[in-house]
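User: I am new to this structure. Please take me through it in short steps.

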Amino acid sequence: MDYVNLGRSGLKVSRLCLGCMTYGEPDRGNHPWTLSEEESRPFLKKALDLGITFFDTANVYSDGSSEEIVGRALKDYAKRDEIVLATKVHGVMRPDANGRGLSRKAIMTEIDHSLRRLGTDYVDLYQIHRFDPDTPVEETLEALHDVVKAGKARYIGASSMYAWQFCKALHLADRHGWTRFVSMQNHYNLLYREEEREMMGLCIEEGIGVIPWSPLARGKLTRPWEDTPTTARGETDAFGQTLYAGMKEADRATVERVGSVASARGVSRAEVAMAWLLQQPGVTAPIIGASKPGHLEQAVAALSLRLEADEVRQLGEAYAPHPVAGFK
């Protein structure tokens, strides 16, 4: 496993981050496809055994039970100071008017709830899950700055939004001397490359670490185009269904090229798609999901797969523009 700086910060993270949305009690929240605590723990242990020390969850995942499961497992399997633990704030946690969003009230309330569920005094990376148009950016940034100064978070990060929104936040933080975002968690993979138009360039220029989510396009890059297995997640993940609803003929070509490169190299499609993402400028640590044996091993194997320039060109040249997806 390689360990690299998260953007220009001094924080070292493993080259892969384990996304923990998969781990949560199925009867809590709106993710009935998640794995229970008993089913989840082996994956968290395996990740650590493979050298993954970067873990990402969110308060909204399975109504907080993801944080609880992850916190208990990491406490049992790892030393707190040797891992990088990240969580997020923004989503609906209560039905009242202040039970969501990025107001000062919401942030100050939710950081304490997240720390309690995770069983820790601090998180290494506290991220805004989405942009909140109902709250002044200045209010959000100052509240996050106070969270850091209180010792409840070491660094702050952001997730999917327009580049102009992120640029504004960076500018305001610099202007007021508030804690600056060090990372951007965005939607980026071979089938969705709209982030290359503005966000990736902004992050490279500003020294922001990029930790993409959905690196395998919800599994579409791991199987032949015609192979669409029915899964509990596929049938019930309403958000995931919106991401690739308008699949194009160009997407078919990209998927087929992943298969061709994988066959020629004698590796899995998942390794090829992940290796492509790992080689993109600015990418620090893709956020991988693991719900079946082999998922983690394939992701780690991709770290050793160096694609040739012609293979990178072959994989990328069929791409066609897509509508922006994943900001809501």
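User: What phi does glycine 207 take?

Analyst: Glycine 207 comes just after helix H6 (helices, H or I, at least four residues, and strands, E, at least two, are DSSP runs numbered from the N terminus). This is a predicted model: local features need pLDDT of at least 70, side-chain atom pairs count only at pLDDT 80 or more, and totals for chains, interfaces and linings use all residues. Residues are numbered from 1 along each chain as its sequence is written, and side-chain values use heavy atoms, with hydrogens and water left out. The phi of glycine 207 is positive, at about 70 degrees.

User: How wide an arc do the buried residues of H6 cover?

Analyst: H6 spans residues 199-206, and Met199, Met200, Leu202 and Cys203 are buried there. Buried means under 20% relative accessible area, exposed over 50%, and partly exposed in between (1.4 Å probe, protein chains only). The buried residues lie on the same side of H6, because the arc they cover around the axis is only 160 degrees.

User: Which elements are among those covering that buried side of H6?

Analyst: Cover here rests on contact, meaning heavy atoms within 4.5 Å. The elements that cover the buried residues of H6 include helix H5 (163-176), strand E8 (181-185) and strand E9 (209-210).

User: Is helix H10 largely enclosed or open, and which elements help cover it?

Analyst: Nine of the ten residues of H10 (residues 269-278) are buried, so the rest of the structure largely encloses this helix. The buried residues include Val272, Met274, Trp276 and Leu278. Their cover includes helix H9 (249-265), strand E10 (287-288), helix H11 (295-302) and H12.

User: Where is serine 62, and what is its phi near?

Analyst: Serine 62 is in the loop between strand E4 (54-56) and H2. Serine 62 is buried, at a relative accessible area of 0%. Most residues other than glycine have a negative phi. Serine 62 has a positive one, near 50 degrees.

User: And what phi does histidine 90 have?

Analyst: Histidine 90 belongs to the loop between strand E5 (84-89) and helix H3 (104-118). Histidine 90 is buried, with 11% relative accessible area. Its phi is positive, although it is not glycine, and lies near 160 degrees.

User: Which residue offers its backbone nitrogen to the side chain of aspartate 124?

Analyst: Aspartate 124 is in strand E6 (residues 123-128) and is buried at 8% relative accessible area. Beyond its neighbours within four places in sequence, its contacts include Arg80, Ile83, Arg154 and Tyr155. Its side chain makes a polar contact (a pair of N or O atoms within 3.5 Å; within protein, one must be able to donate a hydrogen and the other to accept it, and residues adjacent in sequence count only if both atoms are side-chain atoms). At 2.8 Å, that side chain reaches the backbone nitrogen of leucine 85.

User: How far apart are the C-alpha atoms of aspartate 124 and valine 84?

Analyst: Along the chain, aspartate 124 and valine 84 are 40 residues apart. Valine 84 is also one of the contacts of aspartate 124. Their C-alpha atoms are separated by 5.7 Å.

User: Which residue has a side chain joined to that of glutamate 68 by a polar contact?

Analyst: Glutamate 68 lies in helix H2 (residues 65-77). It is buried, with 18% relative accessible area. Leaving aside neighbours within four places in sequence, its contacts are Arg28 and Arg117. The polar contact, 3.0 Å long, goes to arginine 28.

User: How many salt bridges does the structure hold?

Analyst: A salt bridge is a side-chain nitrogen of Lys or Arg within 4 Å of a carboxyl oxygen of Asp or Glu. One of them joins aspartate 96 and arginine 94 at 2.7 Å. The structure's count is 22.

User: Aspartate 49 and lysine 45 form a salt bridge; about how much of a helix separates them?

Analyst: Their side chains meet at 3.0 Å, N to O. Lysine 45 is partly exposed, at 31% relative accessible area. Both residues are in helix H1 (residues 37-49), and because they are four residues apart, the separation is about one helical turn.

User: Which residues form a salt-bridge network with Arg313?

Analyst: Arginine 313 meets glutamate 317 at 2.8 Å, N to O. Arginine 313 is partly exposed at 41%, and glutamate 317 is partly exposed at 46%. The network links Arg313 with Arg257, Asp310 and Glu317.

Technical notes. Arc of directions from axis to C-beta.
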